[in-house]
Amino acid sequence: MVNTDISGKGNVMTRRPVGRWMRVAMFAFVGALLLLPGAAGGADGKVFRWSFQSDVLTLDPYHNNETMTLGFLNNIYEGLVRRGKKMEIEPALATEWSTRGADVWRFKLRPGVKFHDGSPLTPEDVIFSYERARSETSDIKPFVDGIKAVRKVDDHTIEIVTDGPRPILLNSIARWYIVPKAWFEKHNTVKVHKLGTAETNYATLHANGTGPFMIKTRQPDVQTVLVPNPGWWDRTEHNVSEAIFRPIKADATRVAGLLSGELDMMYPVPLQDVARINNSGNVQVLQNPEVRTIFLGFDLHRDELLYSSVKGKNPFKDRRVRQAMYQAIDIKAIREKVMFGASRPTALLIGPGITGFDPALDQRLPHDVAASKRLLADAGYPNGFDVTFDCPNDRYVNDESICQAVTAMLARAGLKVRLNAQTKAKHFQKITAKDTSFYLLGWTPASLDMHETFSYIAATGSQWNCGGYSNPKVDGLLKEIATEVDPRKRQTLITEAMRLHKEDIGYLPLHQQALAWGVKRNVDVVQLGDNTFSLRWVRMQ
Amino acid sequence: MLAFVISRILQSSVVMLVVTLIAFSLFRYVGDPVLAMTGQETSVEDRERLRTRLGLSDAVAVQAARFVARAASGDFGISFRQRRPVAEMLAERLPATLELSLVSVVFALGVGIPMGVYSALRRDSWLARAFQVVSLVGISLPPFLVGILLIFLFAVLLGWLPSSGRGAVVSLGWWTSGFLTLSGLKSLILPGITLGLYQMTLLMRLVRSEMLEALRTDYVKFARARGLTNRTVYFGHALRNTLVPVITVTGLQLGSVIAFAVITETVFQWPGIGYQFIQAVASVDIPVMAAYLVMVGFIFVVINLVADLLYFWIDPRLRAERVVTAGRLT
């Protein structure tokens with residue numbers, strides 16, 4: 001073939017049929033597209049779409065003691081008791097309970113409750129759930145800690161035997177969900193498959209609970225679709241016909257999804273976007289204090305700090321130094337500039353909403369830089385000293401910014417603080433190895449009780465007591481608090497323990513951070529103080 | 001030829017071994033997976049038990065040898081976070097990334113080459129100058145910013161396209177495709193542009209400069225002297241000769257499009273392997289991170305190898321006078 005054929009009529013002739021075929025194919029393709037259904041969703045009824053920054057870790061309620069996961073699973077599985085709109089304990093699978101003596105609790109099971117597969121709830125399921133929850137590989141062992149046995153009385157009654165008096169039993173078991181024995185046995189998933197094992201586990205990807213919603217489809221990290229359980233025992237308050245959950249990690253994308261109307265609700269809202277979302281018209285931000293408290297910890301144990309210019313002694317062992325640091329921190333400035341107003345400054349390690357909180361004690365020492373300098377001089381550090389400050393940068397709301405502000409405020413009092421901000425995995429590894437001199441941590445007790453917070457971070461030698469705070473009087477009070485049944489006496493003990501700790505400045509409390517949920521204005525949701533979200537109260541207009 | 005192929009394959013194997021060892025070193029330097037996996041309330045004894053079960057208490061050399069041997073057979077172990085085989089998780093996410101990469105490369109080629117040709121032929125027109133500005137923007141703006149700007153414009157302000165996710169997908173065996181539904185296609189547009197923008201501007205600049213050079217060559221002058229039409233000269237001769245480097249660059253860029261979809265996928269919550277990698281980093285899921293690194297290393301090595309061999313095959317000069325030109329081309 002010679003390539004000099006200029007406009008090449010032959011060329012055009014051979015090209016035309018191809019073009020026609022192309023066009024036919026294109027039409028067929030576009031036609032097929034139009035015929036296919038669009039995005040998933042029921043044609044009638046209300047589809048609720050929501051998003052969180054990370055996915056549910058597992059569908060097995062004994063796999064992972066993580067607040068978000070357990071909160072999500074409460075839509076599917078339920079415990080003997082549950083938390084109401086104000087976090088109060090209310091009957092769920094048990095209709096009533098009574099104590100018989102100091103250590104036996106008798107629960108009446110709700111009649112007529114069925115799991116999603118239609119099988120009825122029996123006392124055997126409760127006993128199985130107890131055995132499974134306390135098995136070696138379970139991650140929710142602390143919830144049933146102190147329960148010695150669960151036994152059947154008759155077909156609708158069970159008894160829980162505790163190891164001595166357990167005043168907060170009901171609080172502890174609210175997130176211990178009852179699972180069906182037969183279903184777990186049938187799917188060979190009785191054993192809670194612990195992290196890192198090779199066996200496949202049916203229950204991490206499937207669920208069969210008694211709760212108001214059932215899993216329709218689940219793709220980990222992509223989306224999870226839930227539909228209402230038509231046979232739910234309780235009166236249905238929500239009006240959702242299908243609920244679609246998608247994790248969206250990037251803050252800006254999550255905000256865009258809400259603003260563009262693709263999402264009905266998402267959380268957490270980045271604090272710097274709160275004003276913009278509130279001004280956007282059809283979306284609003286719900287903000288309430290969270291029960292999590294953010295605080296600073298000191299190495300109070302070593303005779304010489306690991307990361308400091310002071311050699312031969314530990315300046316943090318001197319209470320005056322700790323008080324100087326306390327008074328150097330301008331908590332109002334942190335609230336206004338770092339937290340955009342979304343925090344509640346605190347003087348205690350627990351906030352409102354936690355059993356044992358005492359407003360009378362919740363008075364911070366005043367912010368006073370002159371006093372700080374004086375205290376440091378009295379303690380023998382007129383020129384301050386160097387110390388390294390360990391901080392997470394992806395765990396709490398604006399955690400790194402808080403640490404930067406603290407660093408600058410301590411500098412005003414004369415302390416040279418080197419900030420070491422890193423990802424939570426590294427941070428927690430470092431501080432739990434007690435490889436720290438000064439650090440930031442936050443704590444929410446799952447049982448919403450002061451005793452849990454203190455026994456994890458303030459009791460001598462406890463696991464998250466990373467600085468080694470120790471006060472024998474507090475330890476003694478904690479033992480009494482664990483078993484005291486009379487609420488008034490118990491509160492007196494709690495107040496005394498908190499007062500002692502406050503006197504010591506064992507930890508330096510900062511604030512309770514605020515929850516921020518972005519919600520369409522025509523959707524009603526209930527915001528719980530532990531930042532969990534329940535579908536059962538969602539009303540869409 | 002055979003010696004050349006064998007030597008390239010040997011070199012590639014060495015590269016892969018090094019990449020695999022680097023991936024393994026992750027297990028030692030990116031934080032404690034046991035802490036990331038367990039809750040704050042897990043006891044010290046439980047943690048130690050888990051550490052032993054994961055094989056994290058063995059000697060480093062033993063762990064390294066075990067890792068390399070398993071990686072060679074495609075076994076990257078079990079994800080710490082999801083408790084599923086890593087290979088299975090990657091296979092599940094790969095279609096999303098490959099489809100996104102395909103769309104972005106088609107976008108880059110389909111838009112970049114015509115823009116490059118136009119700005120070479122009409123160098124002084126205002127449109128060519130506008131293209132230059134666009135290419136500067138594409139080269140200099142980071143993808144996360146481009147992505148967020150596109151989301152803001154097309155999803156939030158105009159509401160035409162979805163802001164994130166893959167839309168509805170159709171399963172074809174183990175492959176899931178977003179090409180077969182309207183929401184799937186709509187979802188591909190913004191991330192496809194975001195991911196392809198850099199390659200597009202790169203191709204445009206490359207085609208433009210190659211084309212300008214080609215237009216100055218003797219064979220183009222000769223073609224004109226023969227009285228050929230502009231069209232034949234431009235597209236039959238000049239463009240055809242510029243395409244060799246374009247093919248090479250596209251091939252190599254395809255590797256980086258697949259590997260560096262991480263940012264685009266994170267911005268658009270695209271359920272591909274890049275986003276999976278980011279999630280793995282956040283939860284210190286080292287098996288997934290290591291497998292991703294090895295896989296990306298493998299993609300690069302294979303593409304480089306194929307490009308080298310293709311070059312050898314396409315360019316007749318290389319075959320005829322390998323001794324003379326090999327130094328420059330390989």
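The exercises below, each with a worked solution, concern a predicted model.

**Exercise 1. Domains of chain A**

Determine how chain A is divided into domains, and describe the side of domain 1 of chain A that touches domain 3 of chain A.

*Solution.* Begin with the domain assignment, which gives domain 1 as 2-67 + 199-288 + 516-540, domain 2 as 81-183 and domain 3 as 289-515. Next, turn to the contact between domain 1 and domain 3 of chain A, to which domain 1 gives 12 residues and domain 3 gives 12 residues. On the side of domain 1, the elements that give two or more residues are strand E12 (283-298) and strand E17 (507-520) of chain A. Finally, sort the residues of that side by character, which yields 4 nonpolar, 7 polar and 1 charged.

**Exercise 2. A sheet in chain A and the helix across it**

Work out the strand order of the open sheet of 4 strands in chain A, and establish which helix lies across E5, E6 and E7 of chain A.

*Solution.* The order is E4-E5-E7-E6, with antiparallel pairing. The edge strands are E4 (94-99) and E6 (147-154) of chain A, each of which pairs on one side only. Neighbouring strands of this sheet are turned against each other by 20 degrees on average, direction ignored. Within the sheet order, look at strand E5 (residues 104-109) and strand E7 (residues 157-162) of chain A, which pair in the antiparallel sense over 5 bridges; here Lys108(A) has Thr157(A) in E7(A) as its bridge partner. The helix in question is H3 (residues 123-133) of chain A, which runs at about 170 degrees to E6(A).

**Exercise 3. A hairpin in chain A**

Describe the pairing of strands E8 and E9 of chain A, and find which residue in their hairpin takes a positive phi.

*Solution.* Strand E8 (residues 213-219) and strand E9 (residues 223-228) of chain A pair in the antiparallel sense over 6 bridges, and Ile215(A) stands opposite Leu226(A) in E9(A). The hairpin has 3 residues between the strands, and Asp221(A) is the residue with a positive phi, near 70 degrees.

**Exercise 4. Two helices of chain B**

Decide how helices H8 and H10 of chain B are oriented towards each other, and characterise their contact.

*Solution.* Helix H8 (residues 182-215) and helix H10 (residues 230-259) of chain B pack at an angle of about 155 degrees, with their axes 9 Å apart. Angles over 145 degrees count as roughly antiparallel, and H8(B) and H10(B) are therefore roughly antiparallel to each other. H8(B) passes H10(B) in a right-handed crossing. The contact includes Leu195(B), Leu202(B) and Glu210(B) of H8(B), with Ala238(B), Pro245(B) and Val249(B) among the residues of H10(B). Sorted by character, the residues of this contact divide into 14 nonpolar, 4 polar and 1 charged.

Technical notes:
Residues numbered from 1 in each chain as written. Chains lettered and ligands numbered in written order. Predicted model: local features only at pLDDT ≥ 70, side-chain atom pairs only at ≥ 80, totals over all residues. Domains from an automatic or database assignment. Contact = placed C-beta atoms within 7 Å. Nonpolar A, V, L, I, M, F, W, Y, C, P; charged D, E, K, R; others polar. Axes fitted to C-alpha atoms, helices over the stretch in contact; angles between N-to-C directions. Parallel < 35°, antiparallel > 145°, perpendicular 65-115°, else oblique. Left-handed = near helix turned anticlockwise from the far one by under 90°. Pairing = 2+ DSSP bridges.
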